[in-house]
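I opened the model to look up its helices, pockets, cores and a handful of single residues. The entries below follow the order in which I went through them.

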Amino acid sequence: GVAIQDLRFGKFFNGKKSGKEMLGEMKPFLKKARRQLIKDYVIFPLLAGPFFVPVILGNLVANGIRNLWTYTIIFCGHFTADVQLFPKKVLKDETRGHWYFRQIRGSSNLTGSKLLHVMSGNLSHQIEHHLFPDIPAHRYAELSVEVRAICKRYGVHYNAGSLLSQFSQVIWRILRYSLPSKYVPINASA
């Protein structure tokens, strides 16, 4: 899912992008996916000889667990209740200061042990990742102290919470947006 997010399938389904264009844009993803699938489900199992079935099953389980963990970490960094959504129009004439503000308000962090931070690749510090994407991830915890202090000084909400708290918000938000909302006509009283 992460690898295909920039493909803009909506444009294809809306007829704004041809099948040929879509396929051309998908080629790098398909090449990478094919290489990974061959490695995980052909080469490594064959190298295991008589243990090829356990290796295939192990890779399947490991990939499934990795995908669930990645989903959890990514959604907790982008889809909690306090994450602010911005329309595309804010990008026009956006100042550097507003860009930083948008990175802070548009993401959230996870609080927890060093083990949680290591297991998340330090993406538990999603705010710092958005602010400083070129800095090594192991520096995010150190940066978070300064970023939090700056947010406090200027009255900007620094969205952070435990994995359980943030993921609960994610699930609630997904459910809320998945269900139809109650339609109320504008002139209901007329």
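**Terms and source.** I call a residue buried under 20% relative accessible area, exposed over 50%, and partly exposed in between, with a 1.4 Å probe and protein chains only. By that rule I looked up Tyr154 and found it exposed, at 60% relative accessibility. Tyr154 lies in helix α7; I take helices (H or I, at least four residues) and strands (E, at least two) as DSSP runs, numbered from the N terminus. The C-alpha atoms of Tyr154 and Leu116 are 29 Å apart in space, with their positions 38 residues apart in sequence.

This is a predicted model, in which I read local features only at pLDDT of at least 70 and side-chain atom pairs only at pLDDT 80 or more, while totals for chains, interfaces and linings use all residues. Residues are numbered from 1 along each chain as its sequence is written, and side-chain values use heavy atoms, with hydrogens and water left out.

**Helix α2.** I looked for a bend in α2, residues 19–47, and found one of about 45 degrees at Met26. The bend at a residue is the angle between axes fitted to the seven residues ending there and the seven starting there. A proline, Pro28, follows within four residues of Met26.

Which residues of α2 are buried? I noted Met22, Met26, Asp40 and Pro45. The buried residues of α2 pack against α1 (9–13) and α3 (52–78). Just after α2, Gly49 has a positive phi of about 60 degrees.

I also checked Val53, which is in helix α3. Val53 is partly exposed, at a relative accessible area of 42%. From Val53 to Tyr41 I read 9.6 Å, C-alpha to C-alpha, for a separation of twelve residues in sequence.

**Positive phi outside glycine.** Most residues other than glycine have a negative phi. I therefore listed two that do not: Arg8, with phi near 55 degrees, and Asn122, with phi near 65 degrees. Arg8 sits in the segment before α1 and is partly exposed, with a relative accessible area of 46%. Asn122 sits in the loop between α5 (114–119) and α6 and counts as buried, at 15% relative accessibility.

**Largest pocket.** How much space lies in the largest pocket? I read about 760 Å³. Of the 23 residues that line the pocket, Gln5, Arg8, His78, Gly106 and His130 are the closest to its centre. The elements that give two or more residues to the lining are α3 and α4 (96–105). The largest share, five residues, comes from α3.

For the record, the search runs on a 1 Å grid over the protein atoms alone: a cavity is a set of points where a 1.4 Å probe fits but cannot get out, and a pocket is an open set with protein on both sides within 12 Å along at least five of seven lines. Lining residues have an atom within 4 Å of a point. Grid points are joined across faces, edges and corners, and a volume is the space filled by probe spheres set on the points.

By residue type, I count eleven nonpolar, eight polar and four charged in the lining. Here Ala, Val, Leu, Ile, Met, Phe, Trp, Tyr, Cys and Pro count as nonpolar, Asp, Glu, Lys and Arg as charged, and the others, Gly among them, as polar.

**Cores.** A nonpolar core is a set of buried Ala, Val, Leu, Ile, Met, Phe, Trp, Tyr and Cys residues joined through side-chain atoms within 4.5 Å. The largest has seven residues: Ile104, Ile127, Leu131, Val147, Cys151, Val156 and Tyr158. The elements that give two or more residues to this core are α6 (126–131) and α7 (140–154). Apart from it lies another core, of five residues, including Ile73, Cys76, Leu110 and Val170.

I then listed contacts, meaning heavy atoms within 4.5 Å. Leaving out residues up to four places away in sequence, Val147 touches Ile127, Glu128, Leu131, Phe132 and Tyr158.

**Cys76 and Thr80.** Cys76 is in helix α3 and is buried, at 0% relative accessible area. With the sequence neighbours up to four places away left out, Cys76 touches Ser108, Leu110, Leu163, Gln166, Phe167 and Val170. The C-alpha atoms of Cys76 and Ser168 are 9.0 Å apart, although 92 residues separate the two along the chain.

Is Thr80, in the loop between α3 and α4, buried or exposed? Thr80 counts as buried because its relative accessibility is 0%. Under the same exclusion of residues up to four places away, I found Thr80 touching Phe75, Ser108, Asn159, Gln166, Gln169, Val170 and Arg173.
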